[in-house]
Amino acid sequence: MSMCKEDKGRVRGKKRKNGASSWLLVRRLHILNIAPVHMKLMEHLLFIGGKWIKSYSEETFPSINPANELVIGLFQQGNEEDVRAAVDAAESAYEAWSETPAPKRGEILLKVAQLLRKKKEELAKLETAEMGKVLPEARSDVQEAIDVFEYMAGEGRRLFGNTTPSELKSKFACTIRRPIGIVGLITPWNFPIAIPAWKLSAALICGNTVVFKPSSDTPLCAVELVKILVEAGVPSGVINMITGPGSSVGKEIVTNKKIRALSFTGSRDTGEWIAQNAGIKKVGLELGGKNAIIVMDDADLPLAIDGAVWSAFGTTGQRCTAASRIIVHEKIQKDFETAFCVRAKQLVLGPGLSEKTDIGPLVNRQAVEKCERYIDIGKKEGAKLLCGGKRLGIKGFFFEPTIFTNATIDMKISQQEIFGPVVSVISVKSLEEAIDVCNSIEYGLSSAIYTKNIDNAFRAIEKIEAGITYVNSSTIGSEVHLPFGGVKQSGTAREGGILGIDEFSEVKTVYIDYSSKLQKAQMDVG
Ligand code: NAP
């Protein structure tokens with residue numbers, strides 16, 4: 001096993017078995033025939049207080065390439081003790097970082113953006129290897145990170161508060177922004193660079209220090225991102241990264257009282273647990289979706305089909321904004337379904353690094369099994385399979401683009417997030433019915449309507465219960481300077497743009513009385 005140079009920084013006092021558990025794991029993987037015999041696995045470390053170190057647990061876990069099921073690296077199985085050490089480091093670094101002028105913090109973030117740009121191709125390839133998405137999409141994930149670091153760097157020269165007149169004479173009133181303190185960031189695997197980047201850039205520009213836990217499916221992307229932040233000059237202790245399970249690392253971040261704010265992106269169920277257990281801290285939740293596209297009888301059909309294919313099968317359906325319901329006007333249902341199926345069948349499944357591939361693998365075996373379960377459920381519920389429905393019988397977690405028709409709103413396949421390339425077509429008779437169907441779920445993240453009628457478009461914008469509505473465009477395509485987030489069970493947060501700054505700052509109200517006398521609000525006449 002080759003150890004990466006990060007390991008030189010070990011400083012913990014506790015005695016450890018130094019990688020023995022990793023070797024055992026590699027041997028187990030060889031026995032399971034999921035790692036080639038000659039493979040040299042790199043062991044990656046935690047980042048705490050400016051040093052790359054091993055976990056107190058002395059255990060590691062593998063990250064697996066979903067396109068070929070080979071192990072791409074070993075990662076520290078962090079635990080509660082590691083989180084507490086990270087919190088201490090973040091606490092020590094807080095004063096200096098929060099007092100660093102925001103434009104100076106912005107300069108560091110700009111350097112992060114520049115380094116990301118320089119390493120874009122390398123990072124994109126690594127992301128494809130670890131998470132599976134096709135290379136052009138991985139590039140766009142890195143691009144989103146570049147965009148948000150650039151945007152938040154500029155925010156360092158704004159971070160505006162408000163001024164407003166006082167009700168009294170010779171009194172000045174305004175608001176200013178203050179950092180919150182130590183913030184916990186917990187992220188999923190489907191945008192392993194962009195989602196941490198949205199959170200990190202906003203948290204850091206506001207002057208907070210960070211304890212960051214990435215998904216155990218994509219720890220390598222997180223390690224590489226943190227290395228870039230360090231290279232750009234983020235001081236020791238300002239960012240701390242702990243890999244390891246949600247059940248220990250995640251829970252400790254959620255419940256630790258020194259952590260004053262938490263920004264979480266992930267599933268609804270985890271979000272619900274966090275909402276119940278975080279205690280008194282500022283909590284931002286970005287959760288799941290069951291997004292719909294409405295296709296009206298006056299829609300530009302080829303455009304709507306382009307949007308449906310991209311929304312349903314892009315990123316193998318593993319976007320929180322993916323469309324898993326297409327609500328089609330009955331007058332065009334047949335034409336729509338025929339063309340949609342032809343396009344789905346043309347999509348090429350394969351490794352994300354191949355230029356010929358349209359659709360990469362699902363992230364892991366459980367995701368394949370989940371899709372299979374929902375195919376069975378859909379059939380039993382009476383929906384009709386138009387195409388797809390099966391895993392590919394090859395190595396890797398590949399699943400066919402799948403379309404159900406004759407779906408109704410009460411079916412589980414129309415209600416629950418499958419998070420794979422499985423979409424249901426639901427037929428409706430009117431815009432009103434389409435909007436009712438669209439809103440008949442507990443989620444409310446993204447939505448779209450295809451129509452040439454401006455009245456239909458504005459009615460949909462007004463009535464659809466979702467954080468985002470697109471007109472004549474797919475359910476996918478957020479930009480970093482606009483707010484992103486959902487309503488209902490899709491969460492409570494808004495990230496991006498100025499609302500992203502709101503998530504990571506406290507607003508302080510300031511009154512300055514220059515009357516040289518005691519003035520009483522609501523009692524004295526100004
Ligand atoms: P997940 O299972 O909820 O996991 C998300 C993160 O939470 C992971 O880092 C996970 O750790 C951690 N975690 C698990 N249990 C925890 C606990 N009790 N306390 C604290 N942390 C815990 O979600 P996922 O499968 O990674 O991501 C897919 C989901 O994310 C989908 O529902 C998708 O819609 C949603 N998503 C939402 C958005 C949005 O912006 N609204 C964006 C992307 C994805 P480990 O997995 O390492 O154990």
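**Close-up views of a predicted model**

**View A. An open sheet of seven strands with mixed pairing.** In this predicted model, the strands of the sheet follow the order 14-15-16-13-12-17-18. The edges are occupied by strand 14 (384–387) and strand 18 (470–471); each has a single partner strand, so one side of each is left without a neighbour in the sheet. Within the order, strand 13 is followed by strand 12. Strand 12 (residues 291–295) pairs with strand 13 (residues 323–329) in the parallel sense, and five bridges connect the two. Ala-292 is placed opposite Arg-325 of strand 13.

**View B. An open sheet of three strands with antiparallel pairing.** The order of the strands is 5-6-19. Strand 5 (163–165) and strand 19 (505–513) form the edges; because each has a single partner strand, one side of each is left without a neighbour in the sheet. On average, and with direction ignored, neighbouring strands of this sheet are turned by 25° against each other. Strand 5 and strand 6 (residues 171–179) run antiparallel and are joined by three bridges. One pair of bridge partners is Pro-165 and Phe-172, the latter in strand 6. In general, the strands of a sheet pair through backbone hydrogen bonds, in either a parallel or an antiparallel manner.

**View C. A nonpolar surface patch of about 380 Å².** The residues that make the patch are Ile-454, Phe-458, Ile-461 and Val-471. Helix 15 (residues 454–463) supplies the largest share of the patch, namely three residues. Ile-461 belongs to helix 15. With a relative accessible area of 41%, Ile-461 is partly exposed; this value is over the 30% relative accessible area that patch residues must exceed, so Ile-461 satisfies that criterion.

**View D. Cysteines Cys-206 and Cys-320, in a structure with zero disulfides.** A search of the whole structure returns zero disulfides. Cys-206 takes part in no disulfide, and the nearest cysteine sulfur, which belongs to Cys-174, is 17 Å away. A disulfide requires two cysteine sulfur atoms within 2.5 Å, so the 17 Å separation excludes one here. Cys-206 has a relative accessibility of 4% and therefore counts as buried. Cys-320 is likewise in no disulfide; for this residue the nearest cysteine sulfur is that of Cys-438, 16 Å away. The relative accessible area of Cys-320 is 18%, and this residue is also buried, because the term applies under 20% relative accessible area.

Notes: Residues numbered from 1 in each chain as written. Predicted model: local features only at pLDDT ≥ 70, side-chain atom pairs only at ≥ 80, totals over all residues. Heavy atoms only, no water. Patch = residues over 30% accessible without salt bridge, like charges linked within 9 Å, V, L, I, M, F, W, Y side chains within 5 Å. Areas by Shrake-Rupley, 256 points an atom, 1.4 Å probe, with all protein chains shown as cover. Salt bridge = Lys/Arg side-chain N within 4 Å of Asp/Glu carboxyl O. Helix = DSSP H or I, 4+ residues; strand = E, 2+ residues; numbered from the N terminus. Buried < 20%, exposed > 50% of the residue type's maximum accessible area, 1.4 Å probe, protein only. Pairing = 2+ DSSP bridges. Axes fitted to C-alpha atoms, helices over the stretch in contact; angles between N-to-C directions.
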